[in-house]
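Q: Could we go through this model together? I should like to begin with a pocket and then turn to the interface.

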Amino acid sequence: MNDLVTYRATPASATSRFPAHPIAGLAGTSFKHEHLPAILDEGKQEGFFEVHAENYMGAGGPPHDALTRIRRDHPVSLHGVCMSIGGPQPIDKTHLARFKALVDRYEPTLVSEHLAWSTHDTTFFNDLLPLPYTQATLARVADHIDEVQVAIGRPILLENPSTYVVFPESTMSETGFIREIARRTGCGLLLDVSNVFVSATNHGYSPLAYLAAFPLDQVGEIHLAGHARQTDDEGDLLLIDSHDGPVADAVWKLYDLVIGRCGPMPTLIEWDSDIPDWPVLRAEAAAAQAILDRHARTFTQEKIRASR
Amino acid sequence: MLPAELRELDRSVQSSYAESFAPALLDPGRVTPAAVAGPHGKAATKRYNVYRNNVTASLINALAAVFPATQRITGTDFFRAMARFHVRATPPVSPLLFEYGRDFPDFIERYEYAQSLPWLADVARIERAWLDAYHAADAEPLAPQAFAPIPPEHLGNTILLPHPAMRIVRSRYPAVTIFSANRGRDPFGQIEAADPEDALVTRPKLEVVVRHLPPGGAVFLTHLMSGEPLGAAASAALADSPSFDLPANIAGILAAGAFSDVKFGG
């Protein structure tokens, strides 16, 4: 595995504000403010928490208080949603500085962003918008990732998108594009298995073929989420990456297969809308943890056999 | 072609997709961008509309999150229709959505269908101030006994430093009472208040508190916030409201945690 994507827990040095918490092989959940009392009641959880960076870019107040309390006892993954890495315009320096400040302050175990764009000119669209895959966009995205990684002083994990349209101008496959981005920038990858399933359904290709072409050796985290069902102009199924329900059975099967191939990976259950009570979200993470643990045993046995 | 020319060509290709994709996102009058298509020759209209819907609905949701009492007053359908107009006319310019909606109260004030609710914009202003207080920098508020060591002859020249979370919202309507009744989920009876109410919003620790200011209180605080000394601020408040009660107002702002530091004798 590439050194840059082998994430070590930040050492608890004299300069660290928080203890190091290992994240290897753990399932986690999105951290939602309304769950804080229930989480604190239960005490330290087994898993990790992922937060959207932008929600913690205010100066102070309850968000920072909550994240500080969560970070003290758990590994935290910092997930940027608005860097607009996939956009044609330069990275917003002010936003990047805020992002770096969060990385410095909370010492997250994982840091990730999206292969997408969300700002054009001065308008922020609050959605992960798609880009064509060409040599030109490849160069631009690689430049943007370099800039982010230099600014924060560590590699990021880049997440594969869920998409609904294609760009006829594209000259590369998404997996080819992502593979080349990782090679050029040294970034790791966040494999969103739900996005693979959603995009594969929407564009009529096999999710297994996508995974076969995906550089699994660069993956540092997995995302799983629920999706919604609509139809396209022809009346065929169109899946929406809605993050508003449980993970579908088909996605669990794909996930099992992915973990079987790349070994236990930090795995996040994303749930951002119609948010359930904490025990429901925790149970979803426990389901992922069970799959991780089952494969962890296999991987340990293989390691023992290999060392003989 | 030379590498430099190639790079220039690349740039023009790169800028085209966002320029083609973005304008129709918030404009239902525009057609599906030419840059996108469905796979295998399929149409892209409903597919592109997923992005349109994501953008519009998520920004309406962002406004609903900032203005929950406003939404409770108008009902969800009314609020979402009103918010949709605003989102299309004034989309956010920052990725920090907790900064969004600063122009929304003014929009509400002008919104044709909200004219029968003249206090609605002020309730929205209190909600916007509430969220600013929520995210404001942390600071220790002045202790209740902070004025004790100030010699009486220096009191008039004393200058107070506003706490980062402190906000004032003035209203010609009973906006604080209406805000408070609609901010929670509990049912409430007929609102009898009719007098103008000014709001003081503070967050001395972690909890945002909205108070109804006494007569002259808003003028007093506004002058203090602009850096004027206590004596001048009190005179302005008295000129505005003859019933202005200085000791009660000082006790009130200390109890509310409206200021974080005090300077005197210099």
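**Pocket and interface**

A: This is a predicted model. Its second largest pocket is lined by 20 residues, and Y133(A), V166(A), E174(A), H203(A) and Y205(A) are those that lie nearest the centre.

Q: Which elements give two or more residues to that lining?

A: They are three helices of chain A: α5 (174-185), α6 (193-203) and α7 (207-213).

Q: And what volume does the second largest pocket have?

A: The volume is about 400 Å³.

Q: How does its lining divide by class?

A: The lining has 11 nonpolar residues, eight polar and one charged.

Q: Turning to the interface, how many residues does each chain bring to the contact?

A: Chain A brings 53 residues and chain B brings 48.

Q: What area is buried between the two chains?

A: About 4200 Å² is buried between chain B and chain A, with carbon and sulfur atoms giving 61% of that area.

Q: How many salt bridges cross the interface?

A: There are three salt bridges between chain B and chain A. One of them joins the side chains of K42(B) and D232(A), with an N to O distance of 2.7 Å.

Q: Which element of chain B gives the most to the side that touches chain A?

A: That is α1(B), with 11 residues. On this side of chain B, at least two residues come from each of α1 (3-21), α2 (45-66) and α6 (120-135). By class, the side of chain B that touches chain A has 29 nonpolar, 10 polar and nine charged residues.

Notes: Residues numbered from 1 in each chain as written. Chains lettered and ligands numbered in written order. Predicted model: local features only at pLDDT ≥ 70, side-chain atom pairs only at ≥ 80, totals over all residues. Heavy atoms only, no water. Contact = heavy atoms within 4.5 Å. Buried area = accessible area lost by both parts, 1.4 Å probe. Salt bridge = Lys/Arg side-chain N within 4 Å of Asp/Glu carboxyl O. Helix = DSSP H or I, 4+ residues; strand = E, 2+ residues; numbered from the N terminus. Nonpolar A, V, L, I, M, F, W, Y, C, P; charged D, E, K, R; others polar. 1 Å grid on protein atoms, 1.4 Å probe; cavity = no way out; pocket = protein on both sides within 12 Å on 5 of 7 lines; lining within 4 Å. Points joined across faces, edges and corners; volume = space filled by probe spheres on them.
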